[in-house]
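Student: I want to go through the labels attached to this model and check what each of them rests on. Please show the model before we start.

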Amino acid sequence: MSNTASEPSRQLLDTLPFLRRYARALTGSQDKGDQWVRLCVEVLLQQPELMRDGTSTKVDVFALFHRLQRPFGGLDSDGGGDPGTAPGRLKVQIGEIPDMQRKVLLLTVLEGFAIEDAARILAITPAEAEEALRTAREELRRVASVRVLVIEDEAVIALDVAKIVRGAGHQVVGIAATEDAAVSLAAKHTPDLVIADIQLRGDDNGMAAVRQILKSMSVPIIFVTGYPERLLTGEGIEPAFVITKPFDPDLLKTAMAQALNIVAI
C-alpha cells in the first residue's frame, strides 16, 4: 500500500473507536451502528483516494462516514436499540430529536468537535450547525421532562409542590388527596416520579397509596412529611428521599434530581 493510502488507513484506525461510539449513539443500536462503520472501513480501505489527502484528520473520517451513508440510506434511530448503546433515559431523549439536530448535538457534545468541524462533517454551514445545536438543546430539555404525581391532601402545600416541580421543567400529571385517587392517577399516567405525603385525609395514608402503586410499576418515591421518624425504621418502603415539612424549594429540586438520576447534557 502506498504512503498516500497508509496515512488515511492509520487515521481511520485511530478514529475507529470514536466513530463506533458516535454511530451507536446516533442509530440507537450497537449492531446498526457497527454495520455503518464496517461499510466506511471497507470503502476507505478499497478507495483511499476518497480522503482529501495523505494527512487526513478525524474530521475527514467522520465526514467520509456521512458521505458514504447517503446513497445507501439514513442513519436515523430505529427506536429500538440495545442496552449497550447509551444510558436509557438519555437514549430515549436523543432518539426523539430530529435527525440533523441529533447529529450536531452528538458531534459537539459526545465527540467534542467544534461547531465549525461539525458543520464540515455534515456538509452544512456553521450558521446552520449553530441553529441545529441550539434547537437540539431546547428539544432535549423538553423531552427530558418527566411525569410527576403529587400525593398531598393540603391544597396550599400541594400547589407549592406542583409549582416547584413545574419550575424544574417537569410535568405534574395529577394531584391526589386520597389513596384511591393516587392509585387511579398512577395507573392512568404511569409517572416517572411520585412525591407523597404520609398522612392524608381521614384514615388514608400516603405510604399505603405508594405501596399499592409499587405493585404495578417501579418508580422512585420522595416522601414529603412532618413525620420523618415513621420512615426511618429500616423496614418497609425505601423512598428515594425524605423531606421534612416545612421544606426549602431547592431541597425538593435536589431530591428530584437525585431520585431521577437524569443524565443531562
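Tutor: A helix here is a DSSP run of type H or I with at least four residues, a strand is a run of type E with at least two, and both are numbered from the N terminus. The model is predicted. By that rule the protein has 11 helices and five strands. Helix H6 covers residues 115-122, and H6 is followed by Ala123, whose phi is positive, near 60°.

Student: What makes the phi of Ala123 worth a remark?

Tutor: Most residues other than glycine have a negative phi. Ala123 is not a glycine, yet its phi is positive, at about 60°. The residue lies in the loop between H6 and helix H7 (126-143).

Student: Why is Ala123 called exposed?

Tutor: The relative accessible area of Ala123 is 60%, and exposed means over 50%. The value passes the cut-off, so Ala123 is exposed.

Student: Which other residue has a positive phi although it is not a glycine, and where is its place?

Tutor: Thr190 has a positive phi of about 45°, and its place is in the loop between H9 and E3.

Student: What makes Thr190 partly exposed?

Tutor: Its relative accessible area is 39%. Buried would need a value under 20% and exposed one over 50%. Since 39% lies in between, Thr190 is partly exposed.

Student: How do you know that Leu251 is partly exposed?

Tutor: By the same two cut-offs. Leu251 has a relative accessible area of 36%, which lies between them, so it is partly exposed. The residue is found in helix H11 (residues 249-260). Neighbours within four places in sequence aside, Leu251 is in contact with Phe241 and Ile243.

Student: Which residues of H6 are buried?

Tutor: Ile115, Ala118, Ala119, Ile121 and Leu122. They cover an arc of only 160° around the axis, which puts them on the same side of H6.

Student: At what angle do H5 and H6 cross?

Tutor: Roughly 135°, and the axes of helix H5 (residues 99-110) and H6 come within 9 Å.

Student: Why are H5 and H6 called oblique to each other?

Tutor: Roughly antiparallel needs an angle over 145 degrees, and roughly perpendicular needs 65 to 115. An angle of roughly 135° falls outside both ranges and is not under 35 degrees, so H5 and H6 are oblique. The crossing is right-handed. In this contact, Met100, Lys103, Val104, Leu107 and Thr108 of H5 meet Ile115, Ala118, Ile121 and Leu122 of H6.

Student: How do the residues of that contact divide by class?

Tutor: Into seven nonpolar, one polar and one charged. Lys counts as charged, and Thr, being in neither of the listed groups, as polar.

Tutor: Next take helix H8 (residues 155-167) and H11, whose axes come within 10 Å and cross at roughly 60°. That makes H8 oblique to H11.

Student: What makes roughly 60° oblique?

Tutor: Roughly parallel stops under 35 degrees, and roughly perpendicular starts at 65. Roughly 60° lies between these limits, so H8 is oblique to H11. H8 passes H11 in a right-handed crossing. The contact is formed by Val161, Ile164 and Val165 of H8 with Pro249, Leu252, Lys253 and Met256 of H11. Its classes are six nonpolar, no polar and one charged.

Tutor: A contrasting label belongs to helix H9 (residues 179-189) and helix H10 (residues 206-213), which pack at about 30° with their axes 9 Å apart. H9 is thus roughly parallel to H10.

Student: Why is that pair called roughly parallel?

Tutor: Angles under 35 degrees count as roughly parallel. The angle is about 30°, so the label applies. H9 passes H10 in a right-handed crossing. Glu179, Ala182, Val183 and Ala186 of H9 make the contact with Ala208, Ala209, Gln212 and Ile213 of H10.

Student: Which residues of H10 are buried?

Tutor: Gly206, Met207, Ala209, Val210 and Ile213. Seen down the axis of H10, these buried residues fall within an arc of 160°, so they line one face of the helix. Their cover includes strand E1 (147-151), H9, strand E3 (193-196) and strand E4 (221-225).

Notes
Residues are numbered from 1 along each chain as its sequence is written. This is a predicted model: local features need pLDDT of at least 70, side-chain atom pairs count only at pLDDT 80 or more; totals for chains, interfaces and linings use all residues. Side-chain values use heavy atoms; hydrogens and water are left out. Axes are lines fitted to C-alpha atoms, for helices over the stretch in contact, and angles run from 0 to 180 degrees between N-to-C directions. A crossing is left-handed if the near helix is turned anticlockwise from the far one by less than a right angle, and right-handed if clockwise. Contact means heavy atoms within 4.5 Å. Buried means under 20% relative accessible area, exposed over 50%, partly exposed in between (1.4 Å probe, protein chains only). The arc is that of the directions from the helix axis to the C-beta atoms.
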